[in-house]
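Okay, thanks everyone, let's get going. I'd like to walk you through one structure today, so have a look at the screen.

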Amino acid sequence: MAWKTLDDMDVAAKTVLVRVDVNVPMENGRVTDATRIEKIVPTVRDLTAKGAKVVLLAHFGRPKGKPVPEMSLRLILPTLEAALGHSVTFIERPSRSDIDALPANAVIMLENTRFTPMEEANDPQMAAFLASLGDLFCNDAFSAAHRAHASTEGVAHLLPSFAGRLMAEELAALEAALGNPLRPVVALVGGAKVSTKLELLGNLVMKVDHLVIGGGMANTFLVAQGIEVGKSLAERDMAPIALDILARAKTAGCSIHLPLDIVVAREFKAGAASETLPTNACPPDAMILDAGPATVAALTAVFATCKTLIWNGPLGAFEIPPFNMATNAAAKAAADLTRAGKLVSVAGGGDTVAALNQAGAADDFTFISTAGGAFLEWMEGKTLPGVAILMR
Ligand code: AMP
């Protein structure tokens, strides 16, 4: 896989449309975590340093095709200017002549692309209008690349297009983990439900050497194998599908790792009395809320034999201590192996970033994707429309 990057393009004196993800959390009109905004700085700085004028395109929240004042991108302007150390001109109703009238190194932000239904409909008129505003298109929003919208895909058909620094970094990390990885590869998939991760599991068993199944979804696999799980979260109707995944793994030579021991409790609350039991000994009135130490030891041993780890989802109900112990211990083991140069570790999707952050392991992972749906679709083996269009 090869995609065009900023290094492949001559951007001097050009107006570059840059699709970014600035979906930062806000409280009372103020940004509470600027991480996503900070991450777009390298691309914007590189472009302006090379003499380009930058026009930022982004959605913010889910305004459902109409203007919603609380979702105006105007609100993030002060944070964006602080992160860039550069003034940003906000244009609500842009025209090419307004943009051309600004100085050569101007950074411009347009209003929320989702304030019109034409964005999510990938309306050709909107794509053409956006394309009329610039000379080149740069996509730096991997997290929005699974959607074929006017500002992520439509416009890319109409202008020479390339990946921004953040997008290129993300694609390189994902390619290293699943496209062309150092083997053996272990994938850890945890979280609540099998039903949301079916395609992902089906794709992974074909591609990885070891698949660790944890969290609530492991319960479904236990039930499928005739093991009782008491009051645990489990999708009993998914048992045949779980068995099918196990059979496919066997055919593909992928080793599946399910919990060897379980941590159970009668209540789903912080500090609830808990006990560690063998996997087949869950009492009828108890819930499995975490994996036990024998499972963690086994996983750590698997990690140690592998060169690449790809991680999505927690091993237990990590938001409620002590049911974060397996997630934390396994994350620390992966972080240690990564720091020692023995493992390439890539993680992402949904709650995974929060789980690895609270484990104190995030900084040591090779790459952590903050993309949710796009990361999962990529793990499912899907071609993301916003990425496909950037291929050389
Ligand atoms: P997901 O969004 O599918 O990655 O699922 C993450 C959620 O799964 C987190 O909120 C966890 O608390 C939850 N979870 C993980 N393991 C369990 C479990 N054994 N029982 C109930 N919830 C769990």
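I'll go through the core, then the salt bridges, then a patch on the surface.

Just so we're clear up front, this is a predicted model.

Right, the core. The largest nonpolar core here has 45 residues. If you want to find your way around in it, go for F142, L204, L211, F221 and W378, the residues with the most contacts inside it. Who supplies it? At least two residues come from each of these: the helices α8 (165–179), α9 (198–207), α10 (216–224), α11 (239–252) and α15 (373–379), plus the strands β9 (185–189) and β10 (210–213). And α8 gives the most, with seven residues. As a bit of background, nonpolar side chains in soluble globular proteins tend to be buried together.

Okay, charges next. Searching the whole structure turns up 19 salt bridges, and I'll pick out a few.

Take R266 and D285: their closest N and O atoms sit 3.2 Å apart. R266 is in the loop between β12 (261–265) and β13 (274–278), while D285 is in the loop between β13 and β14 (287–291), so this pair ties together parts that are 19 residues apart in sequence. How covered are they? R266 has a relative accessible area of 43%, so call it partly exposed, and D285 is partly exposed too, at 38%.

Then there's K269 with E267, where the closest N and O atoms are 3.4 Å apart. K269 comes out at 43% relative accessibility, so it's partly exposed; E267, at 40%, also counts as partly exposed.

Now one inside a helix. D336 forms a salt bridge with R339, with 2.9 Å between the closest N and O atoms. Both residues lie in α13 (residues 325–339), and they're three residues apart, so about one turn of the helix. Which of the two is exposed, and which partly exposed? D336 is partly exposed, with a relative accessible area of 42%, whereas R339 counts as exposed because its relative accessibility is 54%. There's also a network: D7, D46, K50 and R165 are joined into one by salt bridges that share partners.

Last stop, the surface. R62, K64, K66 and R147 form a positive patch there. Let me zoom in on K64, found in the loop between β4 (53–57) and α3 (77–84). Is K64 buried or exposed? K64 is exposed, because its relative accessibility is 69% and the cut-off for exposed is over 50%.

That's my tour, happy to take questions.

Note on methods: Residues numbered from 1 in each chain as written. Predicted model: local features only at pLDDT ≥ 70, side-chain atom pairs only at ≥ 80, totals over all residues. Heavy atoms only, no water. Patch = residues over 30% accessible without salt bridge, like charges linked within 9 Å, V, L, I, M, F, W, Y side chains within 5 Å. Areas by Shrake-Rupley, 256 points an atom, 1.4 Å probe, with all protein chains shown as cover. Salt bridge = Lys/Arg side-chain N within 4 Å of Asp/Glu carboxyl O. Lys, Arg positive; Asp, Glu negative; His and termini not counted. Charge placed at Lys NZ, Arg CZ, Asp CG, Glu CD. Helix = DSSP H or I, 4+ residues; strand = E, 2+ residues; numbered from the N terminus. Buried < 20%, exposed > 50% of the residue type's maximum accessible area, 1.4 Å probe, protein only. Core = buried A, V, L, I, M, F, W, Y, C linked by side-chain atoms within 4.5 Å.
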